[in-house]
Amino acid sequence: MNNQVTKETINPKSITDDVLDRVNEMKEKDGFLLPKGYSAENALKSAYLVLQGVKDRNKRPALEVCTRPSIANTLLNMVIQGLSPAKTQCYFIVYGNELQMQRSYFGTVAVLKRLDSVKNITAQVIHEGDKFEIGSDENFQTVVKEFQPSIENQDKEIAYAFARIFKNDGTYVDTIMTKKEIDQSWAQTRQKNNKVQQNFSQEMAKRTVLNRAAKMFINTSDDSDLLTGAINDTTSNEYDDERRDVTPVEDEKQSTDKLLEGFQKSQEAKAKGVSNNGNSNEGEEVADGQTELFNEGTIKPANEADA
């Protein structure tokens, strides 16, 4: 007699349908607004296709390894931020038995532009030999006073990176990082020995300084806790050293409780006493064929996560 329990593969279509139903309910009852031109249905369809190829470090399908609530919560987080895998704004990664989402450079730009006070965003890399000067404004905030890049320095070592968030009132906020600070940030990511940081160092440096700028900026914004909470949660997904509050903010908790409660009950009923995954992974792997564009003409290898 064979006592082996066969693990049931989660149907991503059923999860995306349930998430879409929940989003529509949020729109009708809670006044939840999606970005102009953003289709939650299309984004979830894209995620549905991508999820079927996502695997963990041991090449096991995410839909066999990850818990159903973690998949649902990740997809809801994606929609709240107005992101789409089809536009290379985000990608999915397996950590242990949980599915998590990380934003690309483009994704972080997109979510920052959703904030009411933001007009535009830019991130730049300064190479050795470039003219670069910082100072302070009338509020004693550090700002970039002058930046003149040179094509002759393009292949030289990176010295600094900065991000500027332009506000609708005509002011701006600068975030500046030295290469040492960037390296320290990379060292604290959950994926160690990341070759992408070496092969695409310019794009990675831009992404890192932009993530820092986003983290500092959104926590002082007047936008909804639902949006800012989702942005913060995604930013912290990739770091080992951040002490994360796993309790969602009240608005987000109300938005996800019903959905996750239903998934949990379904999971327990179908697989009572069966664990989705008895193993723990320190690393992760994105879907085969899943790529991320950092800048125009630059494509990241599918099996490398970024920092």
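This report walks through a predicted model of one protein chain, from the whole fold down to a few single residues.

## The whole chain

Let's start with the big picture. The protein chain has 307 residues, and 47% of them are buried. Its secondary structure adds up to 10 helices and 9 strands.

What about the surface? The chain exposes about 16,000 Å², and carbon and sulfur atoms supply 44% of that area. Contacts tell you something about how the chain folds back on itself. Take the contacts between residues at least 6 apart in sequence: 69% of these join residues at least 24 apart.

## A helix with two sides

Now zoom in on helix α6, which runs through residues 179-187. Which residues of α6 are buried? They are I182, S185 and W186. Looking down the axis of α6, you'd find its buried residues within an arc of 100 degrees, so they line one face of the helix.

Turn to the other side of α6 and you meet K180 and A187, which are exposed.

## The second largest pocket

Next, some empty space. Rolling a probe the size of a water molecule over the atoms shows where such space is left. The second largest pocket holds about 560 Å³ of it. There are 20 residues in the lining of this pocket, and those closest to its centre are D137, Q141, Y172, V173 and D174.

Which elements give two or more residues to the lining of this pocket? They are the strands β5 (142-148), β6 (158-167) and β7 (172-178), along with helix α8 (201-218). With 5 residues, β7 gives the most. As for chemistry, the lining of the second largest pocket splits into 8 nonpolar, 7 polar and 5 charged residues.

## Two buried residues in helices

Helix α8 is also home to A213. Is A213 buried or exposed? Its relative accessibility is 2%, and anything under 20% counts as buried, so A213 is buried. Setting aside neighbours within four places in sequence, you'll find A213 in contact with A163, I165 and T175. Here's a nice example of folding: A213 and A123 are 90 residues apart in sequence, yet their C-alpha atoms are 9.7 Å apart in space.

Then there's G229, which sits in helix α9 (residues 225-236). G229 has a relative accessible area of 16%, so this glycine is buried too. How far apart in space are G229 and N219, C-alpha to C-alpha? The distance is 9.0 Å, and the two residues are 10 apart in sequence.

## Two loop residues with positive phi

Finally, have a look at two backbone angles. K59 has a phi near 70 degrees, which is a positive value in a residue other than glycine. You can find K59 in the loop between α2 (40-51) and α3 (62-65).

T88 also has a positive phi, near 55 degrees, and T88 isn't a glycine either. Where is T88 found? Look in the loop between α4 (68-81) and β1 (90-95). Even though T88 is in a loop, its relative accessible area is 13%, so T88 counts as buried.

Technical notes. Residues numbered from 1 in each chain as written. Predicted model: local features only at pLDDT ≥ 70, side-chain atom pairs only at ≥ 80, totals over all residues. Heavy atoms only, no water. Buried < 20%, exposed > 50% of the residue type's maximum accessible area, 1.4 Å probe, protein only. Helix = DSSP H or I, 4+ residues; strand = E, 2+ residues; numbered from the N terminus. Arc of directions from axis to C-beta. 1 Å grid on protein atoms, 1.4 Å probe; cavity = no way out; pocket = protein on both sides within 12 Å on 5 of 7 lines; lining within 4 Å. Points joined across faces, edges and corners; volume = space filled by probe spheres on them. Nonpolar A, V, L, I, M, F, W, Y, C, P; charged D, E, K, R; others polar. Contact = heavy atoms within 4.5 Å. Areas by Shrake-Rupley, 256 points an atom, 1.4 Å probe, with all protein chains shown as cover.
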